[in-house]
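Please examine the sequence and the structure shown here before reading further. The explanation then proceeds step by step.

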Amino acid sequence: MYSEKVMDHFQNPRNVGEIQDASGTGTVGNAKCGDIMRIYLDIDDDQIIRDVKFKTFGCGAAVATSSMATELVKGKSVQEAMQVTNKAVMEALDGLPPVKVHCSLLAEEAIHAALWDYAQKNHIQIEGLKPPKSDISEGEEEEEY
């Protein structure tokens with residue numbers, strides 16, 4: 001069901017924790033499944049992500065996608081971090097079951113929310129960055145039962 005990479009990042013998550021006085025912090029959740037993800041970024045004067053940490057409340061796939069997302073943006077420029085999509089996170093984990101794809105979307109949105117916070121604090125614009133959604137189920141059509 002889960003790839004070896006997903007299991008590894010779930011059992012041995014990278015970059016867990018928080019960064020005091022982070023350059024940017026982003027928190028997003030999914031009301032439908034109850035997952036909540038918070039990403040902390042430490043960005044230097046050259047707009048390079050020096051450090052990144054996360055705290056996630058959720059299923060194993062949410063923890064694994066958080067861990068992989070932090071690995072994908074660490075050491076990258078702000079603009080490079082903007083290119084980390086949910087698809088990139090899924091590919092780096094060798095895939096996710098269809099019912100867990102929303103976890104990778106949560107990771108992408110949490111990174112963007114942290115970048116948004118950084119941009120707001122520094123009065124800058126990051127090309128392509130949109131205001132974050134606090135709940136990634138926003139805009140999804142309600143499922144009929």
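The paragraphs below describe a predicted model, beginning with its nonpolar core and ending with two individual residues.

In soluble globular proteins, nonpolar side chains have a tendency to be buried together. In this model, the largest nonpolar core contains 38 residues. Those with the most contacts inside this core are I39, L41, I43, I49, V73, L115 and I126. Elements that each supply at least two residues of the core include the strands β2 (35-43) and β3 (49-57). The helices α2 (60-73), α3 (78-82), α4 (86-92) and α5 (101-122) also each supply at least two. The largest share, ten residues, comes from α5.

One core residue, L41, may serve as an illustration. When its neighbours within four places in sequence are left aside, L41 is in contact with I19, A22, S23, G24, I49, D51, V52, A114 and L115. Among these partners, I49 and L115 also belong to the group with the most contacts inside the core.

The next topic is the packing of two helices. Two packed helices are described by the distance between their axes and by the angle between those axes. The axes of α2 and α5 come within 8 Å and cross at roughly 40 degrees. Because of this angle, α2 is oblique to α5. The crossing of these two helices is right-handed. Which residues in α2 and α5 meet? From α2 come A61, A62, T65, A69 and V73, and from α5 come C103, S104, A107 and I111. The residues of this contact divide into seven nonpolar, two polar and no charged.

Helix α5 also contains D117. In sequence, D117 and S23 are 94 residues apart, yet their C-alpha atoms are 7.8 Å apart in space. Not counting residues up to four places away in sequence, D117 touches S23, G24 and T25. Both S23 and G24 were named above as partners of L41.

Finally, two residues deserve attention for their backbone angles. N15 lies in the loop between α1 (4-11) and β1 (24-30). Phi of N15 is near 65 degrees, a positive value in a residue other than glycine. H123, which lies in the segment after α5, has a positive phi of about 50 degrees and is likewise not a glycine. Is each of these residues buried or exposed? N15 has 11% relative accessibility and therefore counts as buried, the limit being under 20%. H123 has 74% relative accessibility and so counts as exposed, a term that applies over 50%.

How values were computed: Residues are numbered from 1 along each chain as its sequence is written. This is a predicted model: local features need pLDDT of at least 70, side-chain atom pairs count only at pLDDT 80 or more; totals for chains, interfaces and linings use all residues. Side-chain values use heavy atoms; hydrogens and water are left out. A nonpolar core is a set of buried Ala, Val, Leu, Ile, Met, Phe, Trp, Tyr and Cys residues joined through side-chain atoms within 4.5 Å. Buried means under 20% relative accessible area, exposed over 50%, partly exposed in between (1.4 Å probe, protein chains only). Helices (H or I, at least four residues) and strands (E, at least two) are DSSP runs, numbered from the N terminus. Contact means heavy atoms within 4.5 Å. Axes are lines fitted to C-alpha atoms, for helices over the stretch in contact, and angles run from 0 to 180 degrees between N-to-C directions. Angles under 35 degrees count as roughly parallel, over 145 as roughly antiparallel, 65 to 115 as roughly perpendicular and the rest as oblique. A crossing is left-handed if the near helix is turned anticlockwise from the far one by less than a right angle, and right-handed if clockwise. Ala, Val, Leu, Ile, Met, Phe, Trp, Tyr, Cys and Pro count as nonpolar, Asp, Glu, Lys and Arg as charged, and the others, Gly among them, as polar.
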